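Visitor: I've got a model open on my screen and I'd like to learn how to read it. Could you take me through it one feature at a time?

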Amino acid sequence: SKPKSDRVAHATVVTDSNVQHFNIPQMFRDNRGYLHVIVGTTLPSGRHEIRYYRSAKANDLSSLLDRSDRIEAGQIADYHTRMNVGVNQTGDRAVIVSLAWNTPGLMNNTLLVSFGTKVGDDFHFAAPKTYYMKMKSIFYPQVACTDYGVVIVGHLYDKATKEKDLVTSLL
């Protein structure tokens, strides 16, 4: 269909006095048209959290509602902010792939997977599960949530050895 020329451009600014800085957000649209934004944040303490926002109305980002309480942290005290999000084709299941960071009992760069299911208009993400051992370097994940499972593809780069690995997996 043709884009509507009568639409007015508009920006929504999310401010949070508890956040020092937002990192690159991930966004997806669910099966009812609601827009969901998942973003890594840096807090003034230096700790990192994953935040979740949902549009107040379908297909409209003019107002975002903070739904961060729908992400269970479990044992994870801190996250690396390089993460990605996938949603299935029907828009009722989602997944967040992230890395543990500064978490007692886990090595930095341990791959984490948080599965989300749709409850009402929001997704509820279970506490992350440790999926893979410590990565030897920072992992840059891409993720797809399919009917067959979750596909993770990522790039590893080890500065010390100059190794470049492409990692693929199906959960």
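Guide: Happy to. Let's start with one residue and its surroundings: leaving aside neighbours within four places in sequence, isoleucine 38 is in contact with Pro25, Gln26, Phe28, Ile50, Arg51, Tyr52, Met83, Val85, Ile96 and Phe125. Keep in mind that this is a predicted model.

Visitor: What larger group does Ile38 belong to?

Guide: Look for buried nonpolar residues whose side chains touch one another. Here the largest nonpolar core has 15 residues, and Ile38, Ile96 and Phe125 touch the most other members. Strand S4 (48–57), strand S6 (79–87), S7 and S9 each supply at least two residues of this core. There is also a second, separate core of ten residues, including Leu99, Phe139, Val150 and Ile152.

Visitor: Pro25 was on that contact list. Where does proline 25 lie?

Guide: In the loop between strand S1 (21–22) and strand S2 (26–29). With its neighbours within four places set aside, proline 25 is in contact with Val37, Ile38 and Val39. For a view across the sequence, try proline 25 and methionine 83: they are 58 residues apart in the chain, yet their C-alpha atoms are 9.1 Å apart in space.

Visitor: Let me step back. How many helices and strands does the protein chain have?

Guide: Zero helices and 13 strands, so reading along the sequence you meet β-β-β-β-β-β-β-β-β-β-β-β-β. As for long-range contacts, take those with a separation of 6 or more: residues 24 or more positions apart account for 42% of them. Buried residues also make up 42% of the 171 residues.

Visitor: And which elements have the lowest and the highest mean pLDDT?

Guide: Think of pLDDT as the predictor's own confidence, residue by residue. Strand S13 (residues 163–170) has the lowest mean, 63, and strand S9 (residues 122–125) the highest, 95. Over the protein chain the mean is 80, with 75% of residues at 70 or more.

Visitor: Let's pick a strand. Why is S8 largely enclosed by the rest of the structure?

Guide: Count its buried residues, those under 20% relative accessible area. Strand S8 (residues 110–119) is largely enclosed because seven of its ten residues are buried.

Visitor: Which strands pair with S8, and in what sense?

Guide: Follow the bridges to each partner. Strand S7 (residues 93–100) pairs with S8 in the antiparallel sense over seven bridges, and valine 95 stands opposite phenylalanine 115 in S8. S8 and S9 also run antiparallel, joined by four bridges, with threonine 117 opposite histidine 124 in S9.

Visitor: What do S8 and S9 form, and how many residues are between them?

Guide: A hairpin, with two residues between the strands. Glycine 120 in that turn has a positive phi of about 65°.

Visitor: What should I expect of phi in general?

Guide: Most residues other than glycine have a negative phi. Now look at asparagine 59, which has a positive phi near 55° without being a glycine. Asparagine 59 lies in the loop between S4 and strand S5 (60–66).

Visitor: Is asparagine 59 buried or exposed?

Guide: Compare its relative accessible area with the cut-off: exposed means over 50%. Asparagine 59 has 51%, so it counts as exposed.

Visitor: And serine 55, buried or exposed?

Guide: Serine 55, found in strand S4, is buried, with a relative accessible area of 0%. What does its side chain reach? The backbone oxygen of lysine 57, at 2.8 Å. Beyond neighbours within four places, serine 55 is in contact with Tyr34, Leu35, Asp60, Leu61, Ser63 and Leu64.

Visitor: One more serine, then. How about serine 98 in S7: buried or exposed?

Guide: Serine 98 counts as buried, at 1% relative accessibility. Leaving out neighbours within four places, its contacts are Ile50, Tyr79, Arg82, Met83, Thr110, Leu111 and Leu112.

Visitor: Last one: what does the accessible surface of the protein chain come to?

Guide: About 9800 Å², of which 53% belongs to carbon and sulfur atoms.

Note on methods: Residues numbered from 1 in each chain as written. Heavy atoms only, no water. pLDDT = per-residue confidence, 0-100. Buried < 20%, exposed > 50% of the residue type's maximum accessible area, 1.4 Å probe, protein only. Contact = heavy atoms within 4.5 Å. Areas by Shrake-Rupley, 256 points an atom, 1.4 Å probe, with all protein chains shown as cover. Pairing = 2+ DSSP bridges. Core = buried A, V, L, I, M, F, W, Y, C linked by side-chain atoms within 4.5 Å. Polar contact = N/O pair within 3.5 Å; in protein donor to acceptor, adjacent residues only side chain to side chain.
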